[in-house]
Amino acid sequence: MLFHQYASPKIFYALAGTLIPWFAVVTLALLGYGLYQGLFVAPPDYQQGESVRIMFVHVPAAWMSMFVYMVMASAGAIGLIWNMRLADMAATAAAPIGASFTLLALVTGSLWGKPMWGTWWAWDARLTSELLLFFLYLGFMALQAAIDEPRRAARAGALLALVGVVNIPVIHFSVQWWNTLHQPASVSSINKIGTPAIHPSMLAPLLIMAVFFATVLLMRMRAEILHRERHTGWVAELVKP
Amino acid sequence: MNWSEFFAMGGYALNVWGSYGMAVLVLAFNVLAACRRVKSVRRELEETTRLNQAESE
């Protein structure tokens, strides 16, 4: 009942409006802390030297690129199965954010790879599948932009996103399945008991990007709600001059 | 701590600052793009409301 209520675009619009400033403040505070820790406090690595600081951006960005994709695909599936408009809007809103995280992971990886591996880019499994993820995001956005009717755009996008989910385990396990240049995971959901699932130094930057994602997702969802609900009475009431 | 040493990043200045710069760009892009989207949707809505009103008058 309660869940159903928050799934109403009108109520969610108001709720998101209340939450956004709080999320923004938390993001800014964490960002300040994270930059201080990452640039000043963290010691240089014994092998990588100061370039290890790139990892505080690269690892969470790469993790988020996959996480946001799963959010987008799950939202798309919910919209497809239960015909829930709010879920469709969440999928549409998540795509450009996910694409930007993917680009960040690729660029920072390249900037780190040049001094450490001696190359900006290699066509190895991890890098190639991450690049494919970037194209999946772009494909999702292009497909939705090409279809005028919102319901059909949402359905087509959701199908594409769901087919693309196959790429996520490929990215995650690429470092185990193939002999790659890329090193094993720093953040892992599947691991032996007793070993931490995440390298502790990556926890703070990951949290920053997650809260940031929530903030901009809510902002974009509010815009989507207004756009998709523009023919309803409550939106007309809202924009009345 | 020495500031010039800090900015030199042990010889990885371009890579480290490039990465953090890119991160700042991505964060800024997301906020600006979201704000722009909100604005354009609202403008579009106000436009249609105005047209509807003009029609009904």
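Which residues does A:Leu104 touch, not counting residues up to four places away in sequence? In this predicted model, the contacts come from both chains. A:Leu104 touches A:Val57 and A:Ala61 in chain A, and B:Met22, B:Ala23 and B:Val26 in chain B.

A:Leu104 also belongs to the largest nonpolar core, a set of 69 residues. Together with A:Val68, A:Met72, A:Ala90 and A:Ala94, A:Leu104 touches the most other members of this core. Several helices of chain A give two or more residues to the core: α2 (9-41), α3, α4, α5 (125-146), α6 (150-164) and α8 (203-228). From chain B, α2 does so too. The most comes from α4(A), which gives 17 residues.

Two residues that are not glycine have a positive phi. One is A:Asn83, with a phi of about 55°. A:Asn83 sits in the loop between α3 (55-82) and α4 (85-117) of chain A. Both of these helices give residues to the core described above. A:Asn83 itself counts as exposed, because its C-beta neighbours inside 10 Å number 12, and exposure is assigned at 12 or fewer.

The other is B:Met9, with a phi near 50°. B:Met9 lies in the loop between α1 (3-8) and α2 (13-56) of chain B. The second of these helices, α2 of chain B, is among the contributors to the core. B:Met9 counts as buried, because 20 C-beta neighbours lie inside 10 Å, and burial is assigned at 20 or more.

Conventions:
Residues are numbered from 1 along each chain as its sequence is written. Chains are lettered from A and ligands numbered from 1 in the order in which they are written. This is a predicted model: local features need pLDDT of at least 70, side-chain atom pairs count only at pLDDT 80 or more; totals for chains, interfaces and linings use all residues. Helices (H or I, at least four residues) and strands (E, at least two) are DSSP runs, numbered from the N terminus. A nonpolar core is a set of buried Ala, Val, Leu, Ile, Met, Phe, Trp, Tyr and Cys residues joined through C-beta atoms within 7 Å. Two residues are in contact if their C-beta atoms, placed from the backbone, lie within 7 Å.
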